[in-house]
Number of protein chains: 2
Amino acid sequence: MSTTLNTVSNNERNAGRTRARILHAAFKEIHRSGFHGMRLNDVLESTGLTKGALYYHFPSKLALGYAVVEEVIEEIVLKLWVRPLNESRNPLKTIIDRVECLDQLVGDPVTTLGCPLNNLAQEMSPLDEGFRQRLDRVFQHWHSGLVNALERAKNSGEMQPGVNSTQIATIIVAAVEGCIGLTKNAQCIERLQDCTAALASYLRTLVANPAGAR
Amino acid sequence: MSTTLNTVSNNERNAGRTRARILHAAFKEIHRSGFHGMRLNDVLESTGLTKGALYYHFPSKLALGYAVVEEVIEEIVLKLWVRPLNESRNPLKTIIDRVECLDQLVGDPVTTLGCPLNNLAQEMSPLDEGFRQRLDRVFQHWHSGLVNALERAKNSGEMQPGVNSTQIATIIVAAVEGCIGLTKNAQCIERLQDCTAALASYLRTLVANPAGAR
DNA sequence: CGTTGCATACCGAGTAGTCGGTATGTCACT
DNA sequence: AGTGACATACCGACTACTCGGTATGCAACG
């Protein structure tokens, strides 16, 4: 029988899929326990694989962590922020929407475990330059996506002229990460709602047309 | 030679001092490497003590971590935020001052290692309920200090009426922690300056007297 | 001389990483 | 088409080592 026709064949030898499964399981473990807290045995147990498979695809635990940043976390940022902003015709409104829909994350692992990007950055940046650079690249993609969106909003007249897009982008990232971090620690959803409400109301002061404000 | 006449007597038996030295060394190690990353042997090496001393004063590594939160980190928050706000006659201005003087932390360990409070919270809150509760208490002291200051500013006319003090206090904490976190990861001081400038300009919009604004 | 305040030696669970082995494709050659 | 030769993909027992914790010793103080 040809392997291509079979749907399941759970022990198929498919290097790409195996690598992706390890990556995804490692991401979940890192999100839950941090990089140091991640146990390779747990990753393997959740995938049903063994040490051999892991060390065939990744030379070390550190390399696995790097791959999680470059392939999994980067993709999340692109999907949640960068692409929606690029495709939006009202970029500032899209930003505000994204901020406000943060408090719909009730029950989401993000509210109890925090932001995967920020978690890793806080844990590993001071300890490992390789992590720091890779995580900084992801932050910069996010940040530059915001700057582009804000500039477009300025040019289109959606946003007031004269605002410093770089500053605004920076504080959006900072406030969002701060909000998620507080929520994770307080474990009460009011904190998240307070944060997003305050941030959104601040961003609304940047909208050009006074009719929409206040 | 009698040890008592020696000026140093570095092996003096002073339980209180010994405990404090261990606490302070543990705080520095946790700040640098996180709780999991802290090695008790490193703590002991930096103090010149040994296992016996540590386990005489603290029943476990976890208890040592709890004590660092309750005694060291709590005290820092009181010193940097709560007491200055309580003693200030212009609370809103004091808050803005504190935010703006954050970017004078160049070279300070905080810019490279992050905020000790937030670091521990991000690392340990999802993993250990004991840490979470203790860290949450510290956050609440900070937060309620801000709320009290904002309410006083409202009553004295320093701040606009009608603002939600709880929301503002929350986003101040979130933004400050977010700023420090971004700075630590980016390792460029411009990020910190962008953050503090944007946050301060936002806080200035809350000042009552329009003469001072814009 | 008993208690306090540590030092020293050691234990053992856990953990990243190794290494010999094996089953499965895949290509070359006839 | 069949068969050897080799690469690919993965298994799993084993190792070396770290690190929190414990048991015991011992000097100083009151």
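By class, the surface near DNA strand D has 6 nonpolar, 8 polar and 6 charged residues. Please keep in mind throughout that this is a predicted model. Of the 20 residues around DNA strand D, those that come nearest are A:Ala15, A:Thr18, A:Gly52, A:Ala53 and B:Lys61. Both chains therefore appear in that list, and the helices show where the residues come from: α1 (15-37) and α3 (51-57) of chain A, with α2 (40-47) and α3 (51-57) of chain B, each supply at least two residues. The most is given by α3(A), with 4 residues.

Let us turn to the other strand. Which residues are closest to DNA strand C? They are A:Lys61, B:Ala15, B:Thr18, B:Thr50 and B:Gly52, out of 19 residues that surround the strand. Here α2 (40-47) and α3 of chain A, together with α1 and α3 of chain B, each supply at least two residues of the surface. On this surface α3(B) gives the most, with 4 residues. The division by class is 6 nonpolar, 7 polar and 6 charged.

I now come to the relation between the two protein chains. In general, two copies of a chain are related by a rotation about an axis and a shift along it. In this model, chain B is superposed on chain A by a rotation of 180 degrees with 0.0 Å of shift along the axis, and the RMSD is 0.1 Å. The two copies are thus related as by a two-fold rotation axis. The same surface serves both copies, since 98% of the contact residues of chain B recur in chain A.

How many residues does each chain bring to this contact? Chain B brings 43 and chain A brings 42. On the side of chain B that touches chain A, helices α1 (15-37), α6 (109-113), α7 (116-124), α8 (129-156), α9 (165-186) and α10 (189-204) each supply at least two residues. The largest share, 16 residues, comes from α9(B). By class, this side of chain B has 19 nonpolar, 16 polar and 8 charged residues.

Finally, I should like to show one pair of helices within chain A. The axes of α5 (residues 91-100) and α10 (residues 189-204) come within 9 Å and cross at roughly 170 degrees. Angles over 145 degrees count as roughly antiparallel, and α5(A) and α10(A) are therefore roughly antiparallel to each other. From α5(A), the contact is made by A:Ile95, A:Ile96, A:Val99 and A:Glu100; from α10(A), by A:Thr196, A:Leu199, A:Ala200, A:Leu203 and A:Arg204. This contact has 6 nonpolar, 1 polar and 2 charged residues.

Note on methods. Residues numbered from 1 in each chain as written. Chains lettered and ligands numbered in written order. Predicted model: local features only at pLDDT ≥ 70, side-chain atom pairs only at ≥ 80, totals over all residues. Axes fitted to C-alpha atoms, helices over the stretch in contact; angles between N-to-C directions. Parallel < 35°, antiparallel > 145°, perpendicular 65-115°, else oblique. Contact = placed C-beta atoms within 7 Å. Nonpolar A, V, L, I, M, F, W, Y, C, P; charged D, E, K, R; others polar. Least-squares fit on C-alpha atoms with pLDDT ≥ 70 in both. Near = placed C-beta within 6 Å.
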